[in-house]
Amino acid sequence: MNPSLYLVGEHTDTLRRRTGLWVFMGVVGMLFFLFSSAYLMRMSTPDWRPLPFVPAQLWLSTGLLAAASVAWRRAAQVRGARAVRAAYVVACACSLAFLASQLWAWRAMDAARLTLDANPANSFFYLITGLHGLHVIGGLAAAGWAYRDLGRNGVTVQLCARYWHFLLALWLAMFGLLFGVTPALVDQICGGGP
Amino acid sequence: MGYGGEHPHSFWTRYVWSQDHKVIAIQYTITALAIGLVGMVLSDLMRLQLGFPGRFAFIDASRYYQFMTMHGMIMIVYLLTALFLGGFGNYLIPLMLGARDMVFPFLNMLSYWFYLLAVLILAASFFVPGGPTGGGWTLYPPQAILPGTPGTEWGIVVMLVSLLVFIAAATMGGLNYVTTVLQARTEGMTLMRMPLTVWGIFTATILALFAFPALFVSGVMMLFDKALGTSFFVPAVVSMGQHLPHQGGSPLLFQHLFWFFGHPEVYIVALPAFGIISDLISVHARKRIFGYKMMVWAIVVIGVLSFVVWAHHMYVSGMHPYFGFFFATTTLVIAVPTALKVYNWTLTLWRGDIHLTVPMLFAIGFISTFLIGGLTGLFLGNVSVDIPLSNTYFVVAHFHMVMGVSPVLAVFGGLYHWFPKVTGRMYDVMLGRVHFWITFVGTYLIFFPMHYLGLLGMPRRYYAYDHYAFIPDSAQALNAFITIVALVVGATQLLFVLNLWWSAVRGREAGGNPWRAASLEWHTPQTPPVHGNWGERAPVVYRDAYEYGLQGGDSDYLPQDQPPDQARQAEPARGEAP
């Protein structure tokens with residue numbers, strides 16, 4: 001049998017990988033949606049103390065992740081191997097810096113005695129930021145694997161761009177959830193519950 | 001780009017680190033059956049205690065709870081989920097759709113190895129200090145992680161880690177199954193021409209992808225509570241006279257998360273069974289499946305509804321009455337599409353040319369057990385009926401009938417049905433029939449009396465029933481009877497293992513299509529199918545998979561890939577006859 005008969009056309013291959021990524025983002029979205037639901041339900045218990053302040057590092061992180069997202073977009077759009085590679089390097093560097101900045105925020109929280117087990121809001125903060133960070137690391141692993149495709153095949157870079165937009169949206173949602181949603185707000189929306 | 005330019009050559013790449021969906025399916029199936037046998041032995045050990053209390057000294061209360069927990073978790077997650085999605089899904093999706101493989105073969109291989117790792121981690125919990133967890137398969141905190149429950153030292157941690165690894169495996173597999181169904185169907189294979197088996201597995205996979213994250217969330221948060229001292233689920237507790245550092249956690253939050261996974265999980269194992277049964281009945285009754293479109297929509301509607309019924313597992317946990325009303329209503333509504341499927345199976349059998357082959361026996365057995373189990377579900381779905389029956393053997397009888405026995409019968413039916421395709425050989429018919437009758441009658445004898453025990457008020461999850469004046473002595477006699485039948489049925493499963501093992505090596509050559517079936521997997525150029533499945537040209541599909549019972553011409557069916565202008569060719573109908 002001639003193995004070349006099995007080769008899947010580039011267009012079909014693109015569709016498959018794109019579908020796979022959408023499904024994956026659906027699963028990750030569900031995961032964070034459920035963490036958010038748990039967060040809101042746990043918030044209704046009387047021992048809840050909201051996080052007292054926003055660590056400044058988180059604004060830096062947000063900027064870095066947004067920059068990474070833009071860089072991926074650029075890597076997907078520009079022509080020429082050099083330009084693609086430059087955007088790729090910027091995107092990966094920004095993502096690594098994002099992770100470092102998140103760790104720095106953890107240190108700041110820890111220094112303010114807001115440790116993991118001190119109060120449930122803190123526990124959720126470490127849990128959710130940690131899990132989001134793991135998804136960034138997973139993305140970086142995929143990006144590292146994509147390095148050999150750079151300039152040859154635009155699909156991987158496009159998919160990376162899409163995933164990073166998703167990571168950014170996810171981060172903004174989690175950032176808003178952790179610091180913007182208070183028991184008072186939940187009460188206002190849900191009417192206090194039965 | 002694309003997959004699989006190379007055919008694997010060495011033993012290792014062909015059978016061990018294989019990326020071929022068929023090999024992965026067999027790996028999944030064997031692993032799941034092996035751990036399933038362990039789960040079965042555990043159930044027999046529990047039955048020994050229940051039937052003959054105190055007679056077997058090594059089964060103390062702690063061991064009993066450990067056996068119970070491991071039995072439940074193994075059967076639901078590591079046997080049924082893995083076997084239906086990883087086993088049947090892997091084998092049948094590409095073959096039934098005319099694809100050459102899954103779209104991401106490497107990920108598919110990783111999925112199996114993660115699954116195997118999860119199984120090994122789970123099995124390791126028998127050997128850690130303190131033994132496996134005894135918290136019940138629902139692992140409710142706080143009891144699952146606090147002293148007093150067996151296995152709180154290591155067992156619970158090992159269990160949670162194993163589940164997290166399993167979820168990673170199921171997600172990798174699930175991405176493949178969904179993407180393959182959406183993107184790799186062959187020419188002419190529209191969604192509404194897919195065999196119902198694929199529809200069942202496809203919908204169940206979507207449920208798995210969206211439900212397992214809830215188990216992941218609850219598992220991670222419980223690990224944090226156990227290992228890092230957080231208080232997600234554990235409230236302020238005085239344990240053994242000591243104030244624990246936890247405070248304010250919500251056990252109810254865990255229950256919501258767990259059952260948001262746990263209820264769809266029921267349909268993750270039921271929907272593939274529905275699909276398999278539909279195909280088995282249609283092929284062996286030589287009749288078009290009754291109401292194909294209805295069947296597809298029923299599967300989809302059941303899948304959607306399964307996400308909004310979870311709190312019917314929590315009626316006795318305490319909830320707002322309107323909440324209970326809502327969940328009772330959705331629970332009863334789900335009976336409508338489910339009953340529709342049962343009617344359609346029956347109507348397919350009606351005046352069909354029924355061949356009582358071994359797969360067909362299992363399929364008809366499934367309809368019977370599923371009907372019984374489903375009807376008692378209607379009892380329990382009502383809040384007011386559930387409250388007195390909750391936590392009794394009535395519930396045990398219900399869920400074993402509906403999601404224990406029924407899916408297992410579908411598994412057996414499916415394994416016998418596709419065995420000739422997987423191995424190229426026929427199983428031993430006599431052994432298969434003996435296996436069916438003992439299993440089918442035996443499971444009725446085991447689980448039907450449990451309904452009565454439940455109505456007597458016999459509580460489940462108890463190690464012994466001393467000093468319960470309201471339970472009559474005759475209940476003990478019934479329990480002893482159930483235990484004896486359970487041991488016989490358990491031993492009979494060895495016949496099944498023996499049959500498959502022996503027939504795979506020594507069985508009679510079955511030919512490519514012994515059932516004269518119309519779906520694509522029976523029309524591969526080689527049997528068993530080789531890497532790439534279809535040889536030079538992928539098949540083209542002209543119709544759905546249910547053209548049976550045709551009059552005139554030489555054969556009574558039309559394969560999916562036979563061009564319309566080509567005359568029907570007679571094929572020797574070998575079936576089970578030697």
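In the predicted model, the contact between the two chains draws 40 residues from chain B and 32 residues from chain A. On the chain B side, helix 5 (155–183), helix 6 (196–228) and helix 7 (251–284) each supply at least two of the residues that touch chain A. Helix 6 of chain B gives the largest share, nine residues. By character, the chain B side of the contact divides into 20 nonpolar, 17 polar and three charged residues.

Within chain A, helix 2 covers residues 57–77, or 21 residues. From its first C-alpha to its last, helix 2 of chain A reaches 30 Å. That is close to the 30 Å expected at 1.5 Å a residue. Several residues of this helix are buried, among them Leu58(A), Leu65(A), Trp72(A) and Ala75(A). The buried residues lie on the same side of helix 2 of chain A because they cover an arc of only 160 degrees around the axis. Their cover includes helix 3 (81–111) and helix 5 (154–180) of chain A.

Ala75(A) also appears in the largest nonpolar core, which has 222 residues. Ala75(A), Tyr78(B), Val198(B) and Ile277(B) touch the most other members of this core. Helix 3 of chain B, residues 61–97, gives the most to the core, with 24 residues.

The surroundings of Val198(B) can be listed in detail. Not counting residues up to four places away in sequence, Val198(B) touches Leu92(B), Ile93(B), Met96(B) and Leu97(B). With that same exclusion, Val198(B) also touches Val181(B) and Gly275(B).

Definitions and conventions: Residues are numbered from 1 along each chain as its sequence is written. Chains are lettered from A and ligands numbered from 1 in the order in which they are written. This is a predicted model: local features need pLDDT of at least 70, side-chain atom pairs count only at pLDDT 80 or more; totals for chains, interfaces and linings use all residues. Two residues are in contact if their C-beta atoms, placed from the backbone, lie within 7 Å. Helices (H or I, at least four residues) and strands (E, at least two) are DSSP runs, numbered from the N terminus. Ala, Val, Leu, Ile, Met, Phe, Trp, Tyr, Cys and Pro count as nonpolar, Asp, Glu, Lys and Arg as charged, and the others, Gly among them, as polar. The expected span of a helix is 1.5 Å times one less than its number of residues. A residue is buried if 20 or more other C-beta atoms lie within 10 Å of its own, exposed if 12 or fewer, and partly exposed in between; C-beta atoms are placed from the backbone. The arc is that of the directions from the helix axis to the C-beta atoms. A nonpolar core is a set of buried Ala, Val, Leu, Ile, Met, Phe, Trp, Tyr and Cys residues joined through C-beta atoms within 7 Å.
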